[in-house]
Amino acid sequence: MLKQRVRAAFDRAAPTYDAAAIVQRRVCDRLLDALQIPDAPQRIIDAGCGTGYGARRLRSRWADAHITGVDFAPSMLELARQDFDACFTADIEKLPCEDALFDLWWSSLSLQWCDAGIAFGEAMRVLKTGGWLAVSTLGPATFHELRHAFAGVDHHRHTLSFSEADAIGDALGRAGFRNIVLRRERHIVHYPDLKSLLRAVKAIGAHNVGEGGRAGMLGRHAWQNVEAAYEHFRQADGLPASYDVIFACAQK
Ligand SMILES: C[S@@+](CC[C@H](N)C(=O)[O-])C[C@H]1O[C@@H](n2cnc3c(N)ncnc32)[C@H](O)[C@@H]1O
């Protein structure tokens, strides 16, 4: 099942995650910048917390908050444990906690592996009335270079199917959120070559793309074609990998 494969990939990636998570840290910082709320949250949940960078950033703004980390990959959580007041291994689509517990539901770059409607329903349930949601996720232009480079070579899927910003806004509205504010930014990371780019995606654990992904290796000739196609995107700083980042803040 896809979810088990995604979870296993993140679990294996925990030791290599921090060294490769350049965009992930940048996006966390931007999400915190965008989050302007009137009162300091007392209880925060970090949904899909990874190795705990989000908790450290949240703590730098709200030193007294009680922060709970949730991730379905136990090895990620093991590295994050010291940054949280409480943490547990769970699926953010089915949180094992009572209703109306948190003032802030925070999630950075984890939602793209979830059913947004279900995850937002859970966020709604565990938030107190008046509580806030802050989320970053990925839009359809993410890794467009990769899709283009593979387009003529095979018919497999090479990226997740990412949601449009409007779909994220609609899912928040359907879950019952109000005061929804959406923003979109393009973030680009450069790599010296395609092998290092793909290695970095794997080091984060983000290489599972769902049904239709390639199971085996590419032949040498096909690989050379992909490399040549990707070279068309080369910029002064190297080969770009684009992240189309959607930020959303909303209130229960
Ligand atoms: C790209 S990492 C982001 C981690 C962290 N938020 C950060 O900004 O560095 C995505 C994380 O979401 C977790 N994740 C993905 N889907 C999940 C789900 N349904 N339930 C719990 N955790 C999930 C993964 O295990 C991984 O640690």
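Here are short exercises on this structure, each with a worked solution.

The model is predicted: local features need pLDDT of at least 70, side-chain atom pairs count only at pLDDT 80 or more, and totals for chains, interfaces and linings use all residues. Residues are numbered from 1 along each chain as its sequence is written.

**Exercise 1. The bent helix**

Find where helix 1 (residues 2-20) has its kink.

Solution.
- Start with the naming. Helices (H or I, at least four residues) and strands (E, at least two) are DSSP runs, numbered from the N terminus.
- Take the span next. Helix 1 has 19 residues, and its end C-alpha atoms are only 23 Å apart. A straight helix would reach 27 Å at 1.5 Å a residue. The expected span is 1.5 Å times one less than the number of residues.
- Now locate the bend. A kink of about 75 degrees lies at Ala14, shortly before the proline Pro15. The bend is the angle between axes fitted to the seven residues ending at a residue and the seven starting there.
- Last, look at the burial. Val6, Arg7, Phe10, Ala13, Ala14 and Tyr17 are the buried residues of helix 1. A residue is buried if 20 or more other C-beta atoms lie within 10 Å of its own, exposed if 12 or fewer, and partly exposed in between; C-beta atoms are placed from the backbone.
- Their cover includes helix 4 (74-80) and helix 8 (194-204).

**Exercise 2. The ligand shell**

Describe the residues around the ligand.

Solution.
- Count the shell. It holds 23 residues, and Phe10, Gly48, Gly50, Phe72 and Ser110 come nearest. A residue is near a molecule if its C-beta atom, placed from the backbone, lies within 6 Å of it.
- Find the elements. Helix 2 (22-34) and helix 3 (53-61) give two or more residues to the shell.
- Sort by class. There are 14 nonpolar, 6 polar and 3 charged residues. Ala, Val, Leu, Ile, Met, Phe, Trp, Tyr, Cys and Pro count as nonpolar, Asp, Glu, Lys and Arg as charged, and the others, Gly among them, as polar.

**Exercise 3. Strand 4 and its partners**

Work out which strands pair with strand 4.

Solution.
- Use the rule. Two strands pair if DSSP finds at least two bridges between them.
- Check strand 1 (residues 43-47). It runs parallel to strand 4, with 3 bridges. Ile45 stands opposite Trp105 in strand 4.
- Check strand 5. Strands 4 and 5 pair in the parallel sense over 6 bridges. Val135 in strand 5 is the bridge partner of Ser107.
- Add the burial. In strand 4, 7 of the 7 residues are buried, so the strand is largely enclosed by the rest of the structure.

**Exercise 4. Two positive phi angles**

Place Leu109 and Phe143 in their loops.

Solution.
- Take Leu109. It lies in the loop between strand 4 (102-108) and helix 5 (116-126). Its phi is positive, about 55 degrees, although it is not a glycine. Leu109 counts as buried because it has 23 C-beta neighbours inside 10 Å.
- Take Phe143. Its loop runs between strand 5 (127-138) and helix 6 (144-151). Phi is near 60 degrees, again positive in a residue other than glycine. Phe143 has 22 C-beta neighbours inside 10 Å, so it counts as buried.

**Exercise 5. Thr89**

Is Thr89 buried or partly exposed?

Solution.
- Locate Thr89. It lies in strand 3 (residues 86-89).
- Count its neighbours. Thr89 has 17 other C-beta atoms within 10 Å, so it is partly exposed.

Notes: Two residues are in contact if their C-beta atoms, placed from the backbone, lie within 7 Å.
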